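Work through the exercises below with the structure open beside the text. Try each task before reading its solution.

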Amino acid sequence: MQAIRDIDFVAPPGEVTALIGPNGSGKTTLLLMMASLLAPDLGTIRVAGFDPVTQPAEVRSRIGWMPDTLGVWESLTAFEVLKTVGALYGMSAADSARRADELLVTVHLTEFGRQPARVLSRGQQQRLSLARALIHDPQVLLLDEPASGLDPGSRVELRSLLRSLAAAGKTVVVSSHVLSELDEIADRAVFVSRGRSVKSQTLDEAGSQARRYYVQAEPMTALAAALQSYGVRFEKRGDSRREEFLVQLGSTAEASWLLRTLVLADVVITAFAPAGGALEETYMSLDTDRL
Amino acid sequence: MSTVTEPSTPQPVHSSTRLPFRSAVRTVFSLEMRQRLRGKGWYWMLAIWFVVIAFIFVLGTAFLATTDNEGGILFDLVVGFVLLFGLLVAPGLSANAVNGDRAGGTLAILQVTLLTPGQLLFGKWLASWVGSLAFLVLSSPFILWALALGGVDAAEALVSLLMLAVELGVVCAIGVGVSALANRPLFSIVSTYMLVALLAVGTVIVFGLSTTLVMEERTVRSSYYTYPESSLDSMGVPDPEAEAVCQSQTYTAELPDTQYIAWILAANPFVVVADAVPYKIPDVPATVPGPGGTGSFYSPGVMETVSQGVRSAQAGPDLDVTCEESMLGRQPLPQGVPIWPLGLGLQLLLAGALLLMARRRLTMPARRLAQGTRIA
């Protein structure tokens with residue numbers, strides 16, 4: 001089974017790099033390779049400057065890896081989990097205990113710190129897993145679907161945590177397929193499909209590309225007539241509960257022109273907004289195989 | 001991945017990427033022990049163990065109360081049972097050590113730390129060994145009780161316990177090794193039981209079957225005391241004044257030269273323990289010389305019987321039964337060449353080979369993954 005064929009990307013320090021791709025596209029496998037758990041047949045990987053195949057210990061001391069599967073020692077408390085992993089990174093008992101307490105505060109698990117990990121909910125285990133990846137203050141963070149299972153509040157906190165880590169000069173690599181989230185977290189995105197990196201772009205590039213807007217008006221017939229008279233192509237959006245039109249617009253300037261023109265033409269616009277995030281646009285435009 | 005520019009690799013700046021062996025093993029050990037002590041399964045096993053040993057001990061005491069060597073036989077019985085149950089318990093404690101973690105998703109988390117496969121395996125082995133030693137400790141009241149009855153000296157008791165501990169350690173090492181090689185806990189536990197069965201039962205079966213390979217036609221001289229023809233009256237009753245004389249007969253028979261195949265038995269855990277124990281050989285005098293003379297019988301315990309069996313296999317067939325031998329009945333054999341170092345060596349070789357393969361299997365990054373497996 002060949003999970004990765006040809007992936008080429010650079011994740012610079014101080015930025016959050018998103019790995020985006022459908023299920024089974026090779027994101028997890030790529031992260032396993034970067035985490036020094038799997039060796040590539042061909043090609044080179046450098047993590048924090050070290051080769052995970054020949055210098056795994058150097059890489060391991062510098063990365064924090066958060067797997068997509070939740071491995072939890074059920075009978076251990078959250079604090080013990082963090083302290084144990086700290087010890088396995090060569091931290092002294094006092095250091096790892098102090099750091100464990102700090103991280104429990106960071107991921108809001110202080111009140112669960114002394115309870116066995118089995119009582120934690122999925123989202124809480126996910127936060128514990130993140131804290132575990134951060135215990136030795138790694139230079140590079142490899143996070144596999146970190147936001148899955150998190151409630152909206154925790155997602156906002158994850159976002160600000162990742163931004164602050166990047167601001168502190170860490171390299172953050174996040175894999176996800178929840179695109180709306182990555183819009184706000186990531187500085188750049190690598191699109192992966194069938195084991196290949198199909199596109200790599202920064203969020204600024206993604207924002208300035210052609211994207212779709214949905215428009216609602218009261219009544220819709222007036223909107224249809226107006227759009228037709230300007231020669232703007234539109235389609236009825238079928239996957240929404242409300243009736244709305246989708247228009248493809250080349251830039252934000254074009255969008256503001258259309259909105260102004262419609263309002264001036266006395267069409268009663270009730271909604272006018274981008275149909276999806278910038279990354280979602282890229283993702284859809286790549287027309288990758290969705291499983 | 002394109003390899004246009006080969007990135008340079010910086011030299012490691014500090015040496016903190018190596019965990020000291022002892023602290024790494026201590027961390028893994030305490031991780032394992034904490035989980036074991038907080039679960040219920042281990043305590044249940046200990047409780048059942050205690051009840052079963054107590055039951056057998058009480059039964060043995062009642063049954064053997066009339067024997068003159070009660071202490072020795074009871075001690076042997078407890079050692080034999082602790083070994084038997086230990087061989088049953090140790091795979092359960094050790095054979096899911098690694099793949100249990102793999103199934104739980106925690107193995108990969110350990111593997112991305114600075115922990116080396118050797119440290120991980122050693123820590124897991126130590127934890128399962130200490131876990132099985134608890135069973136030995138729990139049987140100590142019965143061992144002490146048997147010792148209190150007398151007939152067993154300190155050296156014999158000490159060596160017995162030591163060898164039991166060593167055998168549990170060997171089985172735990174086999175279990176931990178298999179658990180890293182097999183993907184599923186159930187499969188590795190069953191495989192470990194099979195390997196233990198191979199040692200404990202398989203060696204005996206192979207030995208038994210191999211006797212046919214070393215069958216040799218031999219002339220055996222068998223001597224016995226009898227009364228000369230002249231001293232018998234018409235009814236065939238010997239004259240009370242007559243002296244028994246030694247007579248010999250020779251016959252040919254197919255006999256196995258077991259001395260050539262005795263080594264097969266060496267790897268048997270029961271043989272290793274029984275052979276290593278320096279028990280005293282009792283004097284079994286022939287009280288009444290003459291036919292039908294009654295001596296006190298040699299009645300060894302379980303482990304002593306095993307040891308005697310091995311010694312007689314090592315000695316091979318007796319081709320010349322003298323009159324004295326025929327008088328004395330079954331005589332205990334003294335130790336010739338100790339066979340347990342060979343057996344323990346074979347066992348350690350097996351365990352060591354499994355652990356080496358396990359270490360290779362756990363060394364990351366992995367080049368190839370077995371079909372249908374995921375690292376995390």
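The exercises treat a sheet, several helices and the contact between two chains.

The model is predicted, so local features need pLDDT of at least 70 and side-chain atom pairs count only at pLDDT 80 or more, while totals for chains, interfaces and linings use all residues. Residues are numbered from 1 along each chain as its sequence is written, and chains are lettered from A and ligands numbered from 1 in the order in which they are written.

**Exercise 1. The sheet of chain A**

Task: Find the order of the strands in the open sheet of chain A, and state which strands stand at its edges.

Solution.

Step 1. Helices (H or I, at least four residues) and strands (E, at least two) are DSSP runs, numbered from the N terminus. Two strands pair if DSSP finds at least two bridges between them.

Step 2. The six strands of this open sheet follow the order S2-S3-S4-S1-S5-S6 (chain A), and the pairing is mixed.

Step 3. The edges are strand S2 (63–66) and strand S6 (196–202) of chain A; each has a single partner strand, so one side of each lacks a neighbour in the sheet.

Step 4. On average, and with direction ignored, neighbouring strands of this sheet are turned by 15 degrees against each other. For such angles, axes are lines fitted to C-alpha atoms, for helices over the stretch in contact; angles between N-to-C directions run from 0 to 180 degrees.

Step 5. S5(A) and S6(A) run antiparallel and are joined by six bridges. In this pair A:Val192 stands opposite A:Ser197 of S6(A).

Step 6. Helix H6 (residues 152–167) of chain A lies across S1, S3 and S4 of chain A, at about 150 degrees to S4(A).

**Exercise 2. Strand S1 of chain A**

Task: Which strands does S1(A) pair with, and are its residues buried or exposed?

Solution.

Step 1. S1(A) pairs in the parallel sense with strand S4 (residues 171–176) of chain A over five bridges. With strand S5 (residues 188–193) of chain A, S1(A) also pairs in the parallel sense, over four bridges.

Step 2. Take A:Thr17 as an example: its bridge partner in S4(A) is A:Val173, and its bridge partner in S5(A) is A:Arg188.

Step 3. A residue is buried if 20 or more other C-beta atoms lie within 10 Å of its own, exposed if 12 or fewer, and partly exposed in between, with C-beta atoms placed from the backbone. Five of the five residues of S1(A) (residues 16–20) are buried, so the strand is largely enclosed by the rest of the structure.

Step 4. In a regular strand the side chains alternate between the two faces of the sheet. Here A:Val16, A:Ala18 and A:Ile20 point one way, A:Thr17 and A:Leu19 point the other way, and all are buried.

**Exercise 3. Helix H3 of chain A and the chain contact**

Task: What do the buried residues of H3(A) pack against, and how many residues does each chain give to the contact?

Solution.

Step 1. Ten of the eleven residues of H3(A) (residues 78–88) are buried, among them A:Phe79, A:Val81 and A:Leu82.

Step 2. Two residues are in contact if their C-beta atoms, placed from the backbone, lie within 7 Å. The buried residues of H3(A) pack against helix H4 (93–106) and helix H5 (122–134) of chain A, together with helix H1 (21–38) and helix H5 (107–111) of chain B.

Step 3. After H3(A) comes A:Gly90, with a positive phi near 85 degrees.

Step 4. Chain A gives 39 residues to the contact and chain B gives 35 residues. On the side of chain A that touches chain B, helix H2 (56–60) and H3 of chain A each supply at least two residues.

Step 5. That side has 22 nonpolar, eleven polar and six charged residues. Ala, Val, Leu, Ile, Met, Phe, Trp, Tyr, Cys and Pro count as nonpolar, Asp, Glu, Lys and Arg as charged, and the others, Gly among them, as polar.

**Exercise 4. Two crossings of helix H3 of chain B**

Task: At what angles does H3(B) cross H8(B) and H11(B)?

Solution.

Step 1. The axes of H3(B) (residues 70–94) and H8(B) (residues 154–181) come within 8 Å and cross at roughly 25 degrees. That makes the two helices roughly parallel; angles under 35 degrees count as roughly parallel, over 145 as roughly antiparallel, 65 to 115 as roughly perpendicular and the rest as oblique.

Step 2. The contact of H3(B) with H8(B) has twelve nonpolar, five polar and one charged residue.

Step 3. The axes of H3(B) and H11(B) come within 6 Å and cross at roughly 80 degrees, which makes H3(B) roughly perpendicular to H11(B).
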